[in-house]
Amino acid sequence: MPLLNKLKEYRSDLGINQTEMGKLAGVSRQTISLIERGDYSPSVTLALKLAKICRVTVEDIFEYEEDEDDEE
């Protein structure tokens, strides 16, 4: 179940690096990196924090794309 995201673009728009984003969200730089690469799906709480930091909605950052197998 791929969770696509635009976190890197929103972070870049803010002019902050992964370490700074992690500090603002209360997580490590590695966690931000994993989310941006699509290797980690954040909790609802973390997704809401990231959206608040970026001043957008969760849906602006994250998009769930169903696998074809899930649709059957």
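## Starting with one residue

In which helix is serine 33 found? Serine 33 belongs to helix H3. Keep in mind as you explore that this is a predicted model.

Is serine 33 buried or exposed? Its relative accessibility is 11%, and buried means under 20%, so serine 33 counts as buried. You can also look for threonine 19, which sits 14 residues away from serine 33 along the chain. The C-alpha atoms of these two residues are separated by 9.2 Å.

## Helix H3 and its cover

Now widen the view to the whole of helix H3, which spans residues 29–37. Serine 33 has buried company here: Thr31, Ile32, Ile35 and Glu36 are buried as well.

What covers these buried residues of H3? Strand E1 (3–5), helix H1 (7–14) and helix H2 (18–25) are included in the cover, and so are H4 and E2. Just past the helix, look for glycine 38, which follows H3. The phi angle of glycine 38 is positive, near 85 degrees.

## The overall fold

Let's step back to the full chain. How many helices and strands does the protein have? There are 5 helices and 2 strands. Reading from the N terminus, you meet them in the order β-α-α-α-α-α-β. The radius of gyration is 12 Å, close to the 11 Å that the globule rule gives for 72 residues, so the protein is as compact as a globular protein of that length.

Along the principal axes, the C-alpha atoms fill a box of roughly 40 × 20 × 20 Å. Of the 72 residues, 31% count as buried. Among contacts with a separation of 6 or more, 57% come from residues 24 or more positions apart. As for the surface, the protein exposes about 5000 Å², and carbon and sulfur atoms supply 47% of that area.

## The largest pocket

One more place to visit is the largest pocket, with a volume of about 170 Å³. Which elements each supply at least two residues of its lining? They are helix H4 (44–54), helix H5 (58–61) and strand E2 (62–64). H4 and E2 may sound familiar, since both also help cover the buried residues of H3.

To find the pocket in the structure, look for lining residues including Leu3, Pro42, Val44, Leu48, Val58, Phe62 and Tyr64. Ser43, Glu59 and Glu63 are also part of the lining. Sorted by class, the lining has 8 nonpolar, 1 polar and 2 charged residues.

Definitions and conventions. Residues numbered from 1 in each chain as written. Predicted model: local features only at pLDDT ≥ 70, side-chain atom pairs only at ≥ 80, totals over all residues. Heavy atoms only, no water. 1 Å grid on protein atoms, 1.4 Å probe; cavity = no way out; pocket = protein on both sides within 12 Å on 5 of 7 lines; lining within 4 Å. Points joined across faces, edges and corners; volume = space filled by probe spheres on them. Helix = DSSP H or I, 4+ residues; strand = E, 2+ residues; numbered from the N terminus. Nonpolar A, V, L, I, M, F, W, Y, C, P; charged D, E, K, R; others polar. Buried < 20%, exposed > 50% of the residue type's maximum accessible area, 1.4 Å probe, protein only. Contact = heavy atoms within 4.5 Å. Rg over C-alpha atoms; globule rule 2.2 N^0.38 Å. Areas by Shrake-Rupley, 256 points an atom, 1.4 Å probe, with all protein chains shown as cover.
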